[in-house]
Structure formats: structure tokens, C-alpha cells
Amino acid sequence: MSDATIPQQGARANNPARFRRANDESPLARAILILLAVGGLGILVFAPLAAVFTEALKQGWAAAVASLGSRDAQSAIRLTLTITAIAVPLNAAFGIAAAWFITKFDFRGKAFLITLIDLPFSVSPVVAGLCIVLLFGANSALGGWLVASGYPIVFAIPGIVLATVFVTFPFVARELIPVMIEQGRAEEEAALTLGASGWRTFLTVTLPNIRWALLYGTLLCTARAMGEFGAVAVVSGKIRGQTATMPITIEMLYNEYLSVAAFSMAALLTGFALITLTLKTALELRHADQLAATRRH
Amino acid sequence: MHIDIDDISKEFGTTAALTPVSLSIPSGALVALLGPSGSGKTTLLRILGGLEFPTSGRVLFNGQDATGLTVQQRRAGFVFQSYALFRHMTVFDNIAYGLRARPRKERPPKAEIARRVNKLLELIQLPQIGDRYPSQLSGGQRQRVALARALAIEPRMMLLDEPFGALDAKVRKELRQGLRDIHDETGLTTIFVTHDQEEAMELADLVVVMSMGRIEQIGRPQDIREKPATEFVRDFITT
Amino acid sequence: MARPLVQRSAIPGLGLSAGITLAMVSIVVLLPIGALLVQGANFGIANNWAVVNRERVWAALFLSFRLSFYAALFNLIFGVLLAWVLVRYRFPGKRLIDAAVDLPFALPTAVAGIALTALYAPNGVLGGLAQDIGWKIAYTQWGIFLALVFVGLPFVTRTVQPVVEEIETEVEEASATLGASRLHTLRHVILPMLAPAALTGFALALARAVGEYGSVIFIAGNIPLKTEIAPLLIVIQLEEFNYDAAGAIGIAMLVISFAMLLSINLIQIWSRRRIGHV
């Protein structure tokens, strides 16, 4: 790229600038910029990451592992995995349907629809939780009726799922739409003229083309779903052993000064995050050509 | 200004882009570097412009060693194959760029910059397009703006890399004459790179045929056509 | 003749895909946000205004916005620097650094919150160092700023990186052949080319920071009028089952979010018009 091939000979030059190509910064400027980047990221990102694990292991492995074995901790882990297992497939299905609808058909109001799908990115998670409470809470007409019928949403699992789907709403669709626009409609149309059914076309033509983008979006969605805090804090009611997810449990433990327990659970969530990050990086390295051109999230 | 290329070689890693070549270009000449891709013609042009540095050898401007001059010090009007216009600037700002980039002491006053830019717009016969952005121009217009931008710095020579490469056949013919006219008007030593032998023969006073990092032949178009010095030149100009 | 709502198409699945999409958008986005607006309408404009127009609420909104702005500004500068270094330079560990930029997206906000607090509290490693020079970070506005920088870190870098990759080297070379110094080229050619993407990233980081809750509340100290952020006020009202007040503050925040979303779109339209693409 911009790496200069430095001439070995030609030492006749009395001007050192001769060895620098037009597009290169001076070695000193380079070194300073790299140092700032690495140093800044070290303080801002690597230090907190290290802090999670050192705090968790302050009293040794045994204490950390034991704290994760408690009944409340186990129930929090189960709940978070359950919520993720419901919210992510829901979102993936929505993302595929929305991307299909938006890229395969021309209709009025498309731009507005895309804005609506993007909207959750710009709404505070706390406001999202508030909206759900106002819609389904016991004091609203709809919520009151649902509670009376035995299907409470707020302070129960459906509310947490809904909050999680809200905050992760755009991830899959946003990843799929650019990829499907780029690929156009010709391949699907070809399959149809060859007599394939709609489902067959989708499964054998579209899906193979979008699988890496789908996986990518799903990964981002999973990371966010497991870690969502603000929206869930509002709708869950924070009932220990029932609606306390892992992030909520971290908050409760931390506020009770149970530092090792809080950081042990945080370390476990961080482990999940690092796994998704690794998978995501691997995808970017190996299948960059089949992902959306601008990877923003 | 006359230019001497004295035993210039260039290696990229282990591959040799130029085996030592020497060439003397008289002041005011219009020279074509002609050859297939990979012949080293663009590398030679970039070495003259100060965008690459030779592994060995010297470049002389008017007999003085210019090898160590930075690209900024060379004051070569360079026209890139892609034109490399600044997309976020108007045509006017593109052409004025080199004058405005000068250190404060040498920078002409605002009115003088405007006068010179407008004069150049007239020279390229596009006096009305100063306010437009490059994305609003046709390919031929972009090429002429790139030419004007390079001329604005009062260059000591003009260096053009495949100046007609990105244009369709009809525009290409028109602009050839345009380049010839500008050359005759300014009298600047002008060197352009091309892989199109017809273009080289029609436009240049002096044609330098290159292949695989070597100079095969230097001569006037008719000499090359009538007396090709090597097998390669014969093949290349007949295809 | 009016344009039909949906153009006819040979591709199947219109009913199914439209059905799922519209149902999900309605249930997940439209109805909940509608509920907030209906709540606000029922409560009345005067009452909503009375809730928001209190010193504590103004202080929180202003604090959230001001610190978010500073954090996004920091991220604008640092993010452009990071994007440049990651694309242009080679150095050991570059791949790790590149991957680490995304960590704030992947790390749960509550985890980030307690980790930053542990690090920057007076008895933490970095907080202790800062304490020695009389600089309190955790439980002050500095702590909030730091948390907001953390959550907004990837936005600018990730929007600017592809643009840096796309800059043709010839454009920089052209600038040099015209006599411009490297610094002049950076200022007048490269930075303007990065500006639209950088501004988009800035707006995204700002929008994210204004609504951020999880990573901030642990390190903020949450002292009314001093270190209390706007989303926390909503949570406090909800814990007291004061839905009217929570709704009023929620609407205020929603208005701010919409304004920022609009500005992002305007930036993109503006840059597309000037440069031909984003």
C-alpha cells in the first residue's frame, strides 16, 4: 500500500526527504499517531476488560466459580440464555422478511419503513422500556386486560423479550438489505422461470447468497441481546430468581457490595462477548466480500 | 527546460521495473513514452515527477542534479490517468489549489489567483464551469480541468500519464489536438505516457518505445515507423 | 393515474414478507412509541411542560446532552485518528487493535459500567493515580464523560475506515505535485473527504450517548443537579409509579432523538449532493 520501498543505493542524496514518498507522513509523526491510537485504546478498552477479570478473581478461582453456582446466579444465566434464544430467532426471521419485502418489491413509503426499522438505534433503551411499560403495564387498558387474563407482559418474560427485540431490532435487517440490493433480483427471477417455487427459490438461491451476512447480523444481535440492560431494567421489575437477567443480577450484586459475585457474572458475560467478537472478526476476514459494504455495527 | 535521465534504474523489492535507462529530452519537446503495460513507462514518468525515487542513477533538469528534489520542489505539472480531481472542491478551487498551497510569502493575492484561474479556464475552452463540481463534468471536461490545474502552478514541465486512457474514441481525437495546441502555446517540455502507438505517432515530436524496463528505440515518429530498431518495435507498431 | 401502492412483481412472497414486517414493526416499534405519545397527549401539553420545566430535569437533560457532545467530539478526533492509523500504517498487533475497536459494541453496558468504576474509583488502579494529582474521575462528570466515550468509541472509526480505504493515492499525489506540503494535503484534501463520514459517526455516537444508561449509572454518582443523567430520571419516576412524569421526560428525550436522527439524514443528503456519494 503506502509502504515506501526504500532505495538501498542512491546514497548520494544529501536530502533525507528524498527517501520519503509523497503520501507518507514522517516516521516521527507516524510513531506518535500509532502510539496515541494504541495508548488510547489501551486505557479506554483494554484496561476495563482486564479490570473485569482481575476483580472477579480477587479472591481466587474458587470464590468466583462458587458465586456463579448460587441459585440466583444459575437462574439469571438460564433466563438470559432463554431470552436470547427467543429474541434472536424472532429478530432473524423479521430481518429476513423485512429485507425480502424491501429489496424484492417496489412500494410507496419504503423510505419511511426503513426509518421505522432504524428508529430503535436512536431511542434510549430506557425510553424503549418506558414505552413498553406504558403500553402493556397493569395501569393501561391493554395491560390491565392481559394481567386479568393471566398473561402479564410487564415484569414478566414477554416484556423482557419485547424490550430485547426492540433494542436489537435493526441489526439483521440492516445487514441484509445492502447485501440483497447489491445482488439484485435477477437470480431469483431466473430460478422462478426455471420452475422453482417461491420457497425453493428462497432456500436454494437467496439464502446461500446472504448466509454470511445473516450470520453476521445474528451475531451482533446476540451480543446485544445478552447484554441489554437499560430497557430490561425498566420492564423486568428486577424480581430475583424470576425476571433478573444476567446484567440485572450484576447490578443487584454490585449494589449489595458483592463485588466478586458481580464481577464473576460480568466476566462470564464478557466471555460471551469475546466469543461473538472473535466469530465476527473471523467472518470479516474470511467473507468480507459477502458482507455489507459498510460495516457500521 | 531540458531533461536528462542518466542511468536510472528502479527495483520494487526484487523485481526490476527499470533496468538502467538513459534519455535526453530537449527543451520544449513533446515526447511520448510508448509501450505495453509493465514496460516501465509510468515508473519513469513518476520518477521524473518525484513520486518515485530511483534505485540508482540521476535526473538532471537543465543540467542540474534534481534527483534529490522532493515532489513539491520539482514543480512538474502532473496529469494522472484518473485525473485525481478533488471531488469536494469546485473546478475553480481545483485549479486554484496549487497557488493557494504556496507558502504565504509566495502566494499571489486573491484577485491575481482568480485572474489566472479564469485565464486557464479560457485556455481549456471551458470558461463557464468554474462553479461546478467534478462529478458534474463529462470525462473530456475533467481531463481538461486536470490539465488546467497542472498548468496553474507554472510548471517547469508537463507530465501526463495516459491522458486519454479513460475517454471514448471520439473525445480522444478532439483532445489530442487540444493537448498539441496547449503545448505549442506554452512551449513547455511535455512528456506523456501511452500504450496507443497511433496516439504517440500522431501527437509526439519524439517517441520513446519501451519494453520490459528497457528503452527499445528513441526517434521521430516517421523514423520509428520506417526503421524499427528491434523486433519488438516492429511487432508493437504494426499491431 | 396514481402510482399503485405496490408495483406488481413476478417474485412471490409479497403477502408473507409484508405481513411479518408490518406486524413486527407495529408491535415492536409503532405501538409502544404510540403508547408514549398517547400518554403524553392525555396528560396534556401544559402538564408535560410543567414536569420537564423543573430545575432538576433541565439539569439532567442539559448534563446528558453536554457530556454526550463532549464525548462525541472526543470520539470524532480519536476515531478519525484511529481509522487513519488502522488503514494506513502497519505495526505489530494491528489486527488485535482493529478487533478491539468493536468491544464497546459487544460488551454489555452494565459490565462496562462496573469495570470502568472499579478502574477509576479512588481505590482503583487508574483512579488512584488520578487521585494523586488531585483529579477525581469516578462519581464526577469526568466519570460520565469517560463512560460515554467508551460506548461511542466505535462509531466514528467504523464509519470513517471504509472512506480512508477508498481514497485514491493519486489524489494525494496530485496535491503533492501541485506543491502542497503533507500537512496542507491532510488539512485541505484528506480531512474534507473524511468529513461527511466523520460527522455521521459523530451524530451516531452523540445519539447513542444521550440515551445511554447502563454504563453511566455506576460511575456517575447520580447526585441530583450535578451528576444525574436524563434516563435515570425516567427510571426514578417509574420506580415511584409516576407514569405521567416518566412519560413527559421520555417524550422530551424522544424529541431530542428525532432531531438527531433528522440531522444524520441531512448530513448524508448534503454530502451526497456535494461529492456524489457518501
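Here's a short tour of where chain C touches its two partners, with a last stop at the domains of chain A. Keep in mind that you're looking at a predicted model.

**Stop 1: chain C against chain A**

Select chains C and A together. At this contact, 83 residues of chain C meet 83 residues of chain A. Now color helix H1 of chain C, residues 14–43: with 15 residues, this helix gives the most to the side of chain C that touches chain A. Try coloring that side by residue class, too. You'll find 61 nonpolar residues there, along with 14 polar and eight charged ones.

**Stop 2: chain C against chain B**

Hide chain A and bring up chain B. Here 18 residues of chain C are in contact with 21 residues of chain B. Pick out three helices of chain C: H9 (169–177), H10 (182–211) and H13 (243–275), each of which supplies at least two residues of the side that touches chain B. Which helix gives the most to this side of chain C? That's H9(C), with six residues. Color by class again, and the side of chain C that touches chain B splits into nine nonpolar, five polar and four charged residues.

**Stop 3: inside chain A**

Go back to chain A on its own. Give residues 25–56 one color for domain 1 and residues 60–290 another for domain 2, following the domain assignment. Taken over C-alpha atoms, the centres of these two domains of chain A are 30 Å apart. Zoom in on where they meet: four residues of domain 1 of chain A are in contact with eight residues of domain 2 of chain A. On the domain 1 side, three of the residues are nonpolar, one is charged and none is polar.

Definitions and conventions: Residues numbered from 1 in each chain as written. Chains lettered and ligands numbered in written order. Predicted model: local features only at pLDDT ≥ 70, side-chain atom pairs only at ≥ 80, totals over all residues. Contact = placed C-beta atoms within 7 Å. Helix = DSSP H or I, 4+ residues; strand = E, 2+ residues; numbered from the N terminus. Nonpolar A, V, L, I, M, F, W, Y, C, P; charged D, E, K, R; others polar. Domains from an automatic or database assignment.
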